[in-house]
Number of protein chains: 2
Amino acid sequence: MSPRRSATEARNTRSVILDRGVHVASVEGLEGLTIGRLATDLGMSKSGLLGHFGSKEVLQLAVVDTAAGVFVHEVSDRATGVEPGLPRLRALCEAWISYMERGVFPGGCFFTAAVAEFDDREGPVREAVARMIGLWRRDLTFQIRLAANAGQLPGGITTDTDADQLMFELYGVMLSLNHSLRLDRDRAAVDRARRAVARLLGA
Amino acid sequence: MSPRRSATEARNTRSVILDRGVHVASVEGLEGLTIGRLATDLGMSKSGLLGHFGSKEVLQLAVVDTAAGVFVHEVSDRATGVEPGLPRLRALCEAWISYMERGVFPGGCFFTAAVAEFDDREGPVREAVARMIGLWRRDLTFQIRLAANAGQLPGGITTDTDADQLMFELYGVMLSLNHSLRLDRDRAAVDRARRAVARLLGA
DNA sequence: CAGTTTAGCGTCCGATCGTTCGGACGCTAA
DNA sequence: TTAGCGTCCGAACGATCGGACGCTAAACTG
C-alpha cells in the first residue's frame, strides 16, 4: 500500500514537512499548526509525521529554525555583496520591505506573528523566536553603528543611544508595513515604508 | 449549593464574564479564549456561561467590543479636553504610549494581538477588529489633518498623502513599542517611543 | 546472502474542544 | 397562590487535540 522511503529520502520528507509547516504556521500560528492537519495535507499519518520530531514542541522549534533560514535567504543574503555601512543598511531595509511586499510567507511576516503569539508565554519556542529576532537586530545594529561611525547618517547619529533609537524606528516602519498589508491589504503602505526609511536614513 | 442570580444580576454576570474574557484573550488570544477555561476561572459551568452569548464567536465579538471600550476609556478619553489639532494629537499619542507602558491589558495591546491572530482569517471577528482599528485611525487622522491645515506640523505636512504617511509612522512607533515591551521587556522603549513621536510631531 | 536499522502506518488513548439538552431554581407579575 | 420567564447547572455529544504503541517492509550494512 504505502511505499517505504530510504534513509536519504527521509531527510527530504523532513524538509517537506517543515516547508509545509512554515507555510501553515505563518497563517494559522505556531499553535494552530496541528499534527493531524499537517499530516493530512501531506498525505501521511500523524504518527509517521510525528516520528520525525517526537513532539509538537520540537516540530515548532524546527519550523522556527526553517522560517529563520527563509528570512536569512530572502532578506539578509540579498545584501551580502553590498558595501558595509549605510549602503548595506539601505540594501537590508529594501530587502526587508521587499520581503513584506512579495509575501514570502503566506501569512505575512512569520516572526511578527510568532512574537504576537508567544510573547506572553514562556518556554523554548518563545526563546527560539526571541533569539532569531535578536540575531537579526544585532546584524542591523552593527550596520547602523558602522554607518554612524562613518558619519553617513542624518541628524547627527553618533552615539549607541541614537543607534538604538534608529533601530527602534526602523523596526516600527516594518511592523506598520506588515500591519497595513495584512489588515488593510493596502499595497500603498509599501511606498510609505520606503519613504519612512528614506527619511530615517537620509534621502 | 450555588445561589441563583436575579435578572438584574445577570447583566452583571455578563460583564464579569467579559472583563475576565478580555483579560484572558489579551494573553492567550481570542481563539485561546476557551469556554471551559473561562467558566472554570469564574466558577461557573460552561453551559451557564455560553447561555449569555450562544456561541464562541458571539462571545469573541463581545470581548472585542469590551476591549474597544477599555481602549477608548484609557486612551481617547484622556485627550477629550485638549484643544483640537496638534495639542490634541500630542495628548492622544502620549495617552497611547501610557496605555502601553501601564499595561492596561495584561497581554499587551489587545488589538495588536488580535490583528496578528485574525488578519489571515475571514469572518465577523476579523471585521470587528478591523472596524475598531479603523475608527481609532480615523480619529487620529482627523487630528493630524487639523494640525496640518493649521500649519502646526514640521516638515511641511499639508497634503492628505503626508497625513497618511504620518499616521503610518506613528502607528509604527506604537507597534515597535509594544514589540519591545512584550518580547524584550525593555522599559527603555517607552522613552524611545516618546522621542520618536516628538520628532514626528515636532519637539 | 543474512541481519540490522528505520520510515512510515494503523490503532488506540485520555484530555479537551464547542455545543446541545433537560431540568432545577429564583424572580416577577397576574 | 401560581404561572411563566430567565439564569444557571450537570451531563452528554461528536470532533479533534497531542501522543504512545507495535508492526511492516524497504533500505542499508556486513
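Begin by selecting residues 1-5 of chain A, where pLDDT stays under 50 and for which the model has two contacts beyond four places in sequence. This is a predicted model, and the rest of the tour should be read with that in mind. Now colour the whole of chain A by confidence: its mean pLDDT is 93, and 95% of its residues reach 70 or more.

**Chain A as a whole**

Switch to a cartoon view of chain A, which shows nine helices and zero strands, so that, read along the sequence, the pattern is α-α-α-α-α-α-α-α-α. Turned along its principal axes, the chain has C-alpha atoms that fill a box of roughly 70 × 35 × 30 Å. Of the 203 residues of chain A, 40% count as buried. If you display contacts within the chain, those between residues 24 or more positions apart make up 62% of the contacts with a separation of 6 or more.

**The two domains**

Next select residues 1-55 and 75-201 of chain A in two colours, since these ranges are domain 1 and domain 2 respectively. The centres of the two domains, taken over C-alpha atoms, are separated by 31 Å. Where they meet, seven residues of domain 1 of chain A are in contact with nine residues of domain 2 of chain A. On the domain 1 side of this contact, the residues divide into three nonpolar, three polar and one charged.

**Where chain A meets chain B**

Bring chain B into view and select the residues at the contact between the chains, where 30 residues of chain A are in contact with 30 residues of chain B. Four helices of chain A, namely α6 (110-118), α7 (124-149), α8 (160-184) and α9 (188-201), each supply at least two residues of the side that touches chain B. Of these, α8(A) deserves a selection of its own, as the largest share of that side, 13 residues, comes from it. Taken together, the residues of the side of chain A that touches chain B divide into 13 nonpolar, nine polar and eight charged.

**The rotation axis**

How are the two copies related? Superpose them in the viewer: chain A can be laid on chain B with an RMSD of 0.1 Å by a turn of 180° and a shift of 0.0 Å along the axis. The two copies are therefore related as by a two-fold rotation axis. To find the axis on screen, select A:G172, which of the residues of chain A comes closest to it, at 2.0 Å (C-alpha). The same surface serves both copies, with 100% of the contact residues of chain A recurring in chain B.

**The nonpolar core**

From the axis, move to the largest nonpolar core, which has 122 residues and in which A:V129 and B:V129 are those with the most contacts. Centre the view on B:V129 and show its neighbours: leaving aside residues up to four places away in sequence, B:V129 touches B:V64, B:F111, B:A114, B:V115 and B:F118. As background, nonpolar side chains tend to be buried together in soluble globular proteins.

**A last stop in chain B**

Finish by selecting B:K56, which lies in helix α4 (residues 56-74) of chain B. Is B:K56 buried or partly exposed? B:K56 is partly exposed, because 16 other C-beta atoms lie within 10 Å, a count that falls below the 20 or more required of a buried residue and above the 12 or fewer of an exposed one. Then add B:Y99 to the selection and draw a distance between the C-alpha atoms: B:K56 and B:Y99 are 43 residues apart in sequence and 28 Å apart in space.

Methods. Residues numbered from 1 in each chain as written. Chains lettered and ligands numbered in written order. Predicted model: local features only at pLDDT ≥ 70, side-chain atom pairs only at ≥ 80, totals over all residues. Domains from an automatic or database assignment. Nonpolar A, V, L, I, M, F, W, Y, C, P; charged D, E, K, R; others polar. Least-squares fit on C-alpha atoms with pLDDT ≥ 70 in both. Core = buried A, V, L, I, M, F, W, Y, C linked by C-beta atoms within 7 Å. pLDDT = per-residue confidence, 0-100.
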